[in-house]
Amino acid sequence: MLEISIFSILALFMIGGSIAMIINRQTVFSAFGFLVAMIGLAGIFALLNSQFLAIAQIMVSVGAVVVLSMLTILTVNANGKNLPDEPNKTKWIIFSSVLVTPFTILLYKTLTTLPDHFSTMETINSKVIGKELFSEWVLPFEILSILLLSAMVGAIVIARKSKRKQRRKS
Amino acid sequence: MTPNMFFLLASILFSIGLVGLVSRKNLFVLYMSIELMLSSVSLLLATLSKVLGDASGSVMALLMIGVIASEAAVFLAMIVHLYRENRTIDSESFHALSERENNA
C-alpha cells in the first residue's frame, strides 16, 4: 500500500512536470518542469529496486544534463521577440493530444500482454550491474565511450565561432 | 504494485514527449521532449528488467543514460550555434539547408 502511494505521488510529479514542460512559454519554467520529471524518474528507479540506476539518473540526468540545459537557456537568454510566437499553441497541443491518445492506448495494450507480476529477485545493486556490464555488455560499453568522446568533440566543433564570421567582423 | 502501472506511466510520458515534439516551435522544448521520450524508454527497460528477473534491462537503461548525455551535449551546442547565427530559437526559421530561397 505504501509503495502504491509513493508510486502515485512520483507519477503525479512526473506527469505534472512534463505537462508543465510542454505548456510553459518561458523556457526556464519548462526546464524546471523537466527537472521535476527527471527527479521523479530517479525515485521510480529506486522504487523498482535498482538503486544504482537511481543514483546514476540523479548524477547524470539531473546533475549534468538538466544543469547544462539550464545554463544554456540562461546564456542564450531568449526573451520577448526572440522567442517564437505561437499564437495557436494551446490549440495545437490539444489537437495533437487527441491524435496521440489512440497510440498511447495501443502501446499500453501491447505492453500489458506481458506477465502482470514482478519476478522475485534480489535487488539490482551495483554488484549485479557491474558483473553484467563487464561480461556480457562490454562491447556496447566501449562503443558508448567512443560515442561520448565523439559527441564531446562534435559539440566543441559545432559551438565554436566560425572563422569566416570573425573575419567579416574585424 | 504491478508492472501495468509502470507500463501506463511509460506510455503516458512517451506520448507527452511526442505531443511536445509536434506542437511546439521552441528549440529547447523540442530538445526536452526528445529527452523525455528517451527517459520513458529507459523507465520501460528498468521495469522489464524487474519483470523478467534479468539485470540486462538495467544495464541497457544505464547505457541509455550515457546516450542521453551525449545527445544533450550535441543538441545544446547546435542550439547555441543556431542562435548565434540567426538570433532566434524558432524551429521554423532555419532555412540553411532548404532548397527554396531564403524568404523568411
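**Exercise 1. Locate A:N49 and describe its backbone and its exposure.**

Solution.
- Place: A:N49 sits in the loop between α2 (27-47) and α3 (51-76) of chain A. Helices here are DSSP runs (H or I, at least four residues), numbered from the N terminus.
- Backbone: phi of A:N49 is near 65 degrees, a positive value in a residue other than glycine. Most residues other than glycine have a negative phi.
- Exposure: A:N49 counts as partly exposed because its relative accessibility is 26%. The classes are buried under 20% relative accessible area, exposed over 50%, and partly exposed in between (1.4 Å probe, protein chains only).

The model is predicted: local features need pLDDT of at least 70, side-chain atom pairs count only at pLDDT 80 or more, and totals for chains, interfaces and linings use all residues. Residues are numbered from 1 along each chain as its sequence is written, chains are lettered from A in the order in which they are written, and side-chain values use heavy atoms, with hydrogens and water left out.

**Exercise 2. Find where B:R87 lies and give its phi.**

Solution.
- Place: B:R87 lies in the segment after α3 of chain B.
- Backbone: its phi is near 60 degrees, a positive value in a residue other than glycine.

**Exercise 3. Describe the interface between chain B and chain A.**

Solution.
- Contacts: 71 residues of chain B touch 81 residues of chain A, with contact meaning heavy atoms within 4.5 Å.
- Area: the two chains bury about 7000 Å² between them, 77% of it on carbon and sulfur atoms. Buried area is the accessible area (1.4 Å probe) lost on putting two parts together, summed over both.
- Charge: the count is one salt bridge, a side-chain nitrogen of Lys or Arg within 4 Å of a carboxyl oxygen of Asp or Glu. B:R24 forms a salt bridge with A:E86, with the closest N and O atoms 3.1 Å apart.
- Helices: α1 (3-23), α2 (27-52) and α3 (56-86) of chain B each supply at least two residues of its side that touches chain A. Of these, α3(B) gives the most, with 23 residues.

**Exercise 4. Work out the surroundings of B:S39.**

Solution.
- Place: B:S39 is in helix α2 of chain B.
- Exposure: B:S39 counts as buried because its relative accessibility is 4%.
- Backbone partner: a polar atom of the B:S39 side chain lies 2.8 Å from the backbone oxygen of B:E35.
- Other contacts: leaving aside neighbours within four places in sequence, B:S39 is in contact with A:M38, A:L41 and B:I68.

Note on methods: Polar contact = N/O pair within 3.5 Å; in protein donor to acceptor, adjacent residues only side chain to side chain.
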